[in-house]
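Please open the structure in your viewer and keep the selection tool at hand, since each stop on this tour begins with something to select.

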Amino acid sequence: MTLMSSFLIQIEKELSQQKNYLKTHPLYESLTSKKAIQVFMENHVFAVWDFMSLVKTLQHRLTSVEIPWTPKNPKNCRLINEIVLGEESDLDPQGIPCSHYSLYLDAMKDVGAETEKIVSLVSLVKQGYSVKQATASINLPSPVCQFLNFTFDNISMASNPELVAIFLYGREDIIPELFLGILQDFPQADQYQKLIYYLERHIKVDGEQHSKLGQEMMIEICGDSPQNWNNAVSAAKKALQVRAELWDFIHKEINNIE
């Protein structure tokens with residue numbers, strides 16, 4: 001076993017309790033009605049949206065996007081570019097290129113979930129508002145704001161080992177198992193088919209490809225530096241914490257309507 005492989009195993013041990021909490025969260029069992037699914041999607045969509053900014057930041061840092069072009073680590077370039085390709089221009093159920101965010105919005109419309117707040121947020125950001133200014137003006141729930149603030153604060157300030165850890169352990173590594181939990185006993189009506197497709201795509205792509213690419217990226221970025229790996233663990237723990245707080249909030253909101 002290499003030193004870097006042992007670091008990955010140690011991270012898994014340190015994150016296991018938080019990951020198990022998310023894997024067995026009671027939220028999944030509460031998604032039994034159309035209204036519950038609407039509440040889930042109306043809050044979860046912000047995590048779908050901010051994910052692309054996290055990925056694009058890694059692309060900006062790890063690949064060369066400036067003109068004139070200069071070479072960077074080709075392995076990191078390939079890893080992050082493959083992930084961007086799948087997230088920003090995947091194929092929808094009809095085989096048409098579509099970002100996962102757009103696919104999720106379409107699924108929300110089919111389910112009858114409200115899209116006004118996320119559309120307003122994106123519109124304000126396009127106009128030049130900061131994310132914090134935009135969230136304040138549309139009065140988002142505190143746990144949603146905290147989730148977004150965590151993402152964008154780290155985009156601004158986190159080191160590469162921290163940001164890759166947030167991407168891997170807060171997103172790509174855990175999401176397939178969370179979505180498997182959601183799909184257990186999930187309604188199979190036509191109106192949910194786009195959402196089911198979205199969830200199944202993430203289970204397949206993240207579980208089979210992106211999480212493995214993320215692990216390779218972690219090894220490349222952290223190297224054999226214990227400090228890099230320690231920073232990565234701390235960032236991953238915080239990422240799982242804000243996810244758990246978001247899940248707790250959504251579950252509470254669903255319980256309030258049942």
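Which residue forms a salt bridge with Lys132? Select Lys132 and then Asp153, and you will find that these two form the salt bridge, with their closest N and O atoms 3.5 Å apart. The pair links distant parts of the chain, as Lys132 belongs to helix α6 (residues 131–137) and Asp153 to helix α7 (residues 142–157), 21 residues apart. If you turn on a surface, Lys132 should appear partly exposed, with a relative accessible area of 47%, and Asp153 is partly exposed as well, with a value of 28%.

**How far to trust the picture**

Before going on, please keep in mind that this is a predicted model. Colour the protein chain by pLDDT, which averages 91, with 97% of the residues scoring at least 70. Confidence is highest in helix α5 (residues 116–126), at a mean of 97, and lowest in α10, at 83.

**Further salt bridges**

The pair you began with belongs to a wider set, for the count of salt bridges comes to 12. Select Lys56 and Glu88 next, whose side chains meet in a salt bridge with an N to O distance of 2.9 Å. Because Lys56 lies in helix α2 (residues 34–62) and Glu88 in helix α3 (residues 74–88), this pair ties together parts that are 32 residues apart in sequence. Lys56 is partly exposed, at a relative accessible area of 31%, and Glu88 is also partly exposed, at 39%.

Now move to Glu220 and Lys75, where another salt bridge joins the two side chains at 3.7 Å from N to O. Glu220 sits in helix α10 (residues 193–222) while Lys75 sits in helix α3, so the pair ties together parts that are 145 residues apart in sequence. Both ends can be checked on the surface, since Glu220 counts as partly exposed at 33% relative accessibility and Lys75 is partly exposed with a relative accessible area of 40%.

For the last stop of this kind, select Glu12, Lys19 and Asp173 together, because these residues are linked in a network of salt bridges.

**Into the nonpolar core**

In soluble globular proteins, nonpolar side chains tend to be buried together. Here the largest nonpolar core has 92 residues, and Met41 and Met218 are the members that touch the most others. The element that gives the most to this core is α2, with 16 residues.

Centre the view on Met218 and show what surrounds it: leaving aside neighbours within four places in sequence, Met218 is in contact with Ile11, Pro161, Val164, Ala165, Leu168, Tyr169, Gly223, Trp229 and Ala232.

Select helix α8 (residues 160–172) next, in which 11 of the 13 residues are buried, so this helix is largely enclosed by the rest of the structure. Among its buried residues are Pro161, Val164, Ala165, Leu168 and Tyr169, each of which you have just met as a contact of Met218. The buried residues of α8 also include Arg171 and Glu172.

**A last stop at Ile257**

Finally, select Ile257, which is found in helix α11 (residues 226–257) and is partly exposed, with a relative accessible area of 37%. Where does the chain pass beside Ile257, once its neighbours within four places in sequence are left aside? Ile257 is then in contact with Lys35, Ala36 and Val39. Although Ile257 and Val39 are 218 residues apart along the chain, their C-alpha atoms are separated by 9.3 Å.

Notes
Residues are numbered from 1 along each chain as its sequence is written. This is a predicted model: local features need pLDDT of at least 70, side-chain atom pairs count only at pLDDT 80 or more; totals for chains, interfaces and linings use all residues. Side-chain values use heavy atoms; hydrogens and water are left out. A salt bridge is a side-chain nitrogen of Lys or Arg within 4 Å of a carboxyl oxygen of Asp or Glu. Helices (H or I, at least four residues) and strands (E, at least two) are DSSP runs, numbered from the N terminus. Buried means under 20% relative accessible area, exposed over 50%, partly exposed in between (1.4 Å probe, protein chains only). pLDDT is the predictor's confidence in each residue, from 0 to 100. A nonpolar core is a set of buried Ala, Val, Leu, Ile, Met, Phe, Trp, Tyr and Cys residues joined through side-chain atoms within 4.5 Å. Contact means heavy atoms within 4.5 Å.
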